[in-house]
Amino acid sequence: METNVVPRGEILIAVMGVTGVGKSYFISEVSGRSEVKVSDGLHSCTSKVESYSFEHAGTTVTLVDTPGFNDTTRTDTEVLTEICDWTSKTYEENRLLSGIIYLHRITDVRMDGSSMKNLRMFQKLCGIRALKNVFLTTTQWSNAVGQADGEVREKGLCEDRDFWGMLIEQGATLQRFHGTRESGLELIDQLMPKLPAVLDIQDQIVTQKRTIIETDAGQCINEDLIAQENKYKEEIELLEIERQEAIKEKDEEMKDLIAEEQEKSREKLKKVAVEKRRLADMHDDEVRKRDIEMQREEEKRKEEQREAQEMVEKVEAERRRQAELYAEELRRQQEREERREAREERREARAEEKRLAYLREAGMNRSAQLQMVQVGGEGGRDDGNRRGEHGENRGFRVQVGRYQFTIGF
Ligand SMILES: Nc1nc2c(ncn2[C@@H]2O[C@H](COP(=O)(O)OP(=O)(O)OP(=O)(O)O)[C@@H](O)[C@H]2O)c(=O)[nH]1
Ligand SMILES: [Mg+2]
């Protein structure tokens with residue numbers, strides 16, 4: 001997954017590699033920040049993920065110092081937890097890495113066990129998709145036996161698919177850091193335009209909600225612990241066979257020496273068991289938290305569903321209410337209309353009744369039904385000797401039964 005959601009103006013770059021490789025040195029040189037703690041070269045120094053920002057080319061560059069996996073004071077589980085916490089937090093804040101500088105001492109004659117383990121962990125944390133943002137960077141060139149030797153080692157690193165070969169094939173870039181600010185800034189300048197990338201560990205923890213042991217990096221530590229456990233158990237068994245032989249041969253000195261070795265292996269086995277227990281406890285704890293969170297989310301989802309349902313019902317009830325109001329208004333209108341018609345009919349009936357009564361009265365007086373209708377102009381009978389406004393003759397229209405007569409003046 002690729003996104004460019006890093007807040008504008010900030011470029012985030014992580015510096016990784018085995019302990020003592022020079023991660024803090026790089027950050028201190030490039031950022032110019034004096035508070036960056038550089039080790040004395042004997043003991044692991046950086047135990048926490050720390051960010052250091054500085055302004056460069058109009059942008060805030062944040063370099064992230066990380067502890068290595070072969071830390072002399074912290075277990076791999078502790079280091080991984082520390083890295084997971086930081087990567088998850090920044091991912092949730094939409095602060096994605098524009099680059100990852102993975103340092104390797106060119107002075108190292110060969111890739112030892114801890115370098116290999118570190119590289120393996122790095123690959124698991126990073127994932128293939130973020131490799132185009134990775135700079136595999138050789139360092140401490142000034143301490144190399146000779147430039148030519150350094151170049152041979154660098155070539156070896158790049159050609160061996162177990163070292164950097166595969167990573168370069170999949171998009172990572174080979175770089176050199178010459179120990180100066182300018183050299184470091186050259187790397188930063190190349191990383192700045194890159195589209196920020198999501199690391200596998202961020203996707204697995206935040207999006208997929210895996211526990212640390214369920215991530216690829218966590219699995220790597222777990223497999224490593226199982227391999228160590230088997231190795232120490234085997235060692236103890238072999239030493240036991242040798243100890244029994246020493247007893248048979250009554251070689252007291254050898255027996256004690258072997259017992260001492262056995263004790264050392266037992267101690268190592270105990271440490272591995274403690275580490276495995278810690279990883280398992282952490283997993284149980286995370287599963288518990290994840291279950292609670294999922295339960296909360298489920299409750300929230302149900303609550304939202306209930307609210308949505310309530311809203312639908314409210315809208316439906318309102319729609320029904322409006323329909324009823326409309327029907328009621330129609331009914332009232334109809335009633336009003338009916339009442340108006342009834343009133344009209346009654347009025348007509350009364351008028352008819354009056355007319356009939358009048359006719360009846362007139363009939364009684366004249367033995368005929370007479371109706372006198374004034375025609376022409378206003379003014380009534382008093383003005384009968386004048387012409388109407390429209391020029392028609394004026395007078396009376398007399399109705400006798402079915403017959404009508406007009407009497408003009
Ligand atoms: N001359 C020179 N010395 C370096 C360089 N990089 C690291 N060193 C020395 O190597 C030692 C270890 O460097 P650090 O930067 O503390 O190493 P680190 O990777 O941060 O180690 P941890 O914090 O323990 O993981 C220090 O004494 C540095 O001065 C370099 O490029 N040139
Ligand atoms: Mg450091």
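Here are a few notes on this predicted model, covering the ligand site and two bits of helix geometry.

1. Ligand 1 first. There are 21 residues around it, and Gly22, Ser24, Tyr25, Ser39 and Thr46 come nearest. By class, the shell is made up of 15 polar, five nonpolar and one charged residues. Helix 1 (residues 23-31) gives the largest share of that shell, with three residues.

2. Helix 2 (residues 76-92) checks out on length. At 1.5 Å a residue, its 17 residues should span 24 Å, and the end C-alpha atoms are indeed 24 Å apart, so the two agree.

3. Which residues of helix 2 are buried? They are Asp76, Val79, Leu80, Ile83, Cys84, Thr87, Thr90 and Tyr91. Looking down the axis of helix 2, these buried residues fall within an arc of 140°, so they line one face of the helix. That spacing is familiar: an α-helix has 3.6 residues a turn, so residues three or four places apart point the same way.

4. As for what sits over the buried residues of helix 2, the cover includes helix 3 (113-126), helix 7 (200-207) and helix 8 (216-248). Also worth a look is asparagine 94, just after helix 2, which takes a positive phi of about 60°.

5. Now helix 4 (residues 147-159) and helix 5 (residues 161-169): their axes come within 4 Å and cross at roughly 65°. Helix 4 makes the contact through Leu157, Cys158 and Glu159, while helix 5 brings Phe163, Trp164, Gly165 and Ile168. By class, that contact has five nonpolar, one polar and one charged residues.

Key. Residues are numbered from 1 along each chain as its sequence is written. Chains are lettered from A and ligands numbered from 1 in the order in which they are written. This is a predicted model: local features need pLDDT of at least 70, side-chain atom pairs count only at pLDDT 80 or more; totals for chains, interfaces and linings use all residues. A residue is near a molecule or strand if its C-beta atom, placed from the backbone, lies within 6 Å of it. Helices (H or I, at least four residues) and strands (E, at least two) are DSSP runs, numbered from the N terminus. Ala, Val, Leu, Ile, Met, Phe, Trp, Tyr, Cys and Pro count as nonpolar, Asp, Glu, Lys and Arg as charged, and the others, Gly among them, as polar. The expected span of a helix is 1.5 Å times one less than its number of residues. A residue is buried if 20 or more other C-beta atoms lie within 10 Å of its own, exposed if 12 or fewer, and partly exposed in between; C-beta atoms are placed from the backbone. The arc is that of the directions from the helix axis to the C-beta atoms. Two residues are in contact if their C-beta atoms, placed from the backbone, lie within 7 Å. Axes are lines fitted to C-alpha atoms, for helices over the stretch in contact, and angles run from 0 to 180 degrees between N-to-C directions.
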